[in-house]
Amino acid sequence: MTTNVHPAPRPAPAPAERHPGIPFSRLLGTELRKLRDTRAGRWLLIAILVTTPLVVAVMLFTADPEKLTFTKLVDFTQTPQKLLLPVVGILAVTSEWSQRTGLVTFTLEPDRSRVLLAKGGAAMLLGLLMVVNTLVSAAFGTLLGVALRHGDGSWAFGAGGLGDITLVLLSGLALGLAFGMLLLNGAAAIVAFYVLPNLSSVLFNAVHGLKGVSHWLDLNLAQGPLYDHGLSGHQWAQLCTATLLWVVLPGAFGVLRVLRSEVTSG
């Protein structure tokens, strides 16, 4: 009589341990550190922080006393920020290619969309910090204007004015991010940012047939009413259309390029 002995069933293999991805807060902190760790990024941030109160100091001694109001000082102090903040956005993206650190970054975090989101978030956080720098510098300038020059001292600005100036500065920063992702070269992106929008303004002013659509297609013209702190529905439509053309579309193509481009170690 033969006894059939069945082998004992093998235990099911233990599920592979899942390692949690890098927390987004850590990615964000890393990108913030990158923005200030490079020599170019560090000096750029210092230039923005120093230039803003310097503009206030110049205004205190050169402007007429009736112009020493909070609104006027904000308008003047945001000028250097509007010129320099977009470069922060450009460097946030292109440094991975110029410094050849992209391979390390995307190896540690293969999901490039999370890296891009962290870069954009870090740039916007710094942008908000610079907006605060503008407002604080203008506030001190208003107080000093009253004390030293018997200035107007008006604080009429309001939440609408705060939103408008924040929109101007952060949209410029977003434009820098878009050009940086699209070109992946810091020098080329900086040239494109300073040349293309101004070139379009010249074109719309020079060609008579384009003047009718200029406020729909020229970002500088579309943003003009923001400085008056009050846009009509028609002007909001023009601003949204120009922003779509200059910021959203280049940004979308730039994201696709970053997600698909090859990254080498040099």
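The residues lining the second largest pocket of this predicted model divide into ten nonpolar, three polar and one charged. This pocket has a volume of about 200 Å³ and is lined by 14 residues, of which Leu 116, Gly 120, Leu 177, Met 181 and Val 255 lie nearest its centre. Three helices, α5 (112–149), α6 and α10 (233–260), each supply at least two residues of that lining, and the largest share, five residues, comes from α5.

The largest pocket holds about 230 Å³ of space. Its lining likewise has a count on record: of the 14 residues that line it, Lys 82, Phe 193, Pro 197, Asn 198 and Asn 220 are the closest to its centre. Here the contributions of at least two residues each come from α3 (70–98), α6 (158–183), α7 (186–206) and α9 (219–223), and the lining divides into eight nonpolar residues, five polar and one charged.

Two of the helices that line the largest pocket, α3 and α7, can be described further through their length and their bending, as set out below.

| Helix | Residues | Expected span | End C-alpha distance | Bend |
|---|---|---|---|---|
| α3 | 29 residues | 42 Å | 40 Å | about 35° at Ala 92 |
| α7 | 21 residues | 30 Å | 30 Å | about 25° at Ala 192 |

For α3, a rise of 1.5 Å a residue leads to an expected span of 42 Å, and the 40 Å between its end C-alpha atoms agrees with this, although the helix bends by about 35° at Ala 92. Most of α3 is covered, since 21 of its 29 residues are buried. The helix is followed by Arg 100, whose phi is positive, near 55°.

In α7 the end C-alpha atoms are 30 Å apart, in agreement with the span expected for its 21 residues, and a kink of about 25° is centred on Ala 192. Ala 192 is itself buried, as are Gly 186, Ala 189, Phe 193, Pro 197, Ser 200, Ser 201 and Phe 204 of this helix. Phe 193 and Pro 197 thus appear both among the buried residues of α7 and among those closest to the centre of the largest pocket.

Which side chains make polar contacts with the side chain of Thr 105? This residue lies in helix α4 (residues 102–108), and because its relative accessibility is 13%, under the 20% limit, Thr 105 counts as buried. Its side chain makes one polar contact with the side chain of Lys 34, at 3.1 Å, and another with the side chain of Glu 96, at 3.0 Å. Asn 133, in helix α5, is also buried, with a relative accessible area of 15%, and a polar contact of 3.5 Å joins its side chain to that of Thr 52.

Two loop residues that are not glycines have a positive phi of about 55°, namely His 150 and Leu 184. Is each of them buried or exposed? His 150, in the loop between α5 and α6, has a relative accessibility of 68% and therefore counts as exposed, the limit being over 50%. Leu 184, in the loop between α6 and α7, is by contrast buried, with a relative accessible area of 10%.

How values were computed:
Residues numbered from 1 in each chain as written. Predicted model: local features only at pLDDT ≥ 70, side-chain atom pairs only at ≥ 80, totals over all residues. Heavy atoms only, no water. 1 Å grid on protein atoms, 1.4 Å probe; cavity = no way out; pocket = protein on both sides within 12 Å on 5 of 7 lines; lining within 4 Å. Points joined across faces, edges and corners; volume = space filled by probe spheres on them. Helix = DSSP H or I, 4+ residues; strand = E, 2+ residues; numbered from the N terminus. Nonpolar A, V, L, I, M, F, W, Y, C, P; charged D, E, K, R; others polar. Expected span 1.5 Å × (residues − 1). Bend = angle between axes of the 7 residues up to and from the residue. Buried < 20%, exposed > 50% of the residue type's maximum accessible area, 1.4 Å probe, protein only. Polar contact = N/O pair within 3.5 Å; in protein donor to acceptor, adjacent residues only side chain to side chain.
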